[in-house]
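Here are a few exercises to work through with the model open. Try each task before you read its solution.

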Amino acid sequence: MKRGVIIYTAGESPTSWTEEKEKFVKGSIAGAQAVEIITTRTGHFDVLDAWWSLNAKGMDYIECKLAMFTEDGELNDMGRTLRLSG
């Protein structure tokens, strides 16, 4: 079963958030074949858009995780996960 993850970020994205940082975070999610990130600066703009993208890539199991930007501009996993498909 292919696993996809949506990371929904709370709060305003810092000015230091770039597509390179987004790519790094996407690559750091263990066990996920595809990752989509929702931020105010990059990525998708809502959960449905990200879910559709993962669905189109053939993901059977999709979960949404909540994250928040820290003061130094890094993403902090809030430990909340919602299973959307699979």
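A pocket here is an open set of points on a 1 Å grid over the protein atoms alone, where a 1.4 Å probe fits, with protein on both sides within 12 Å along at least five of seven lines; lining residues have an atom within 4 Å of a point. The model is predicted, so local features need pLDDT of at least 70 and side-chain atom pairs pLDDT 80 or more, while totals for chains, interfaces and linings use all residues. Residues are numbered from 1 along each chain, and side-chain values use heavy atoms, without hydrogens and water.

**Exercise 1.** Find the largest pocket and say which residues are closest to its centre.

*Solution.* Start with the volume, about 220 Å³. Next, go through the 14 lining residues: Ile7, Val25, Ser28, Leu75 and Asn76 are the closest to the centre. Finally, look at who contributes: α1 (19-27), β3 (61-69) and β4 (75-85) each give at least two lining residues.

**Exercise 2.** Work out which residues of helix α2 are buried (under 20% relative accessible area, 1.4 Å probe, protein chains only) and which are exposed (over 50%).

*Solution.* Within α2 (residues 47-56), pick out Ala50, Ser53 and Leu54 as the buried ones. Seen down the helix axis, they fall within an arc of 95° (taken from the directions to the C-beta atoms), so they line one face of α2. Now turn to the other side, where Leu48, Trp52 and Ala56 are exposed. Then check the cover over the buried residues, which includes β1 (3-10), β2 (34-38) and β3. Last, step past the helix: Gly58 follows α2 and has a positive phi, near 90°.

Methods: Grid points are joined across faces, edges and corners, and a volume is the space filled by probe spheres set on the points. Helices (H or I, at least four residues) and strands (E, at least two) are DSSP runs, numbered from the N terminus. Contact means heavy atoms within 4.5 Å.
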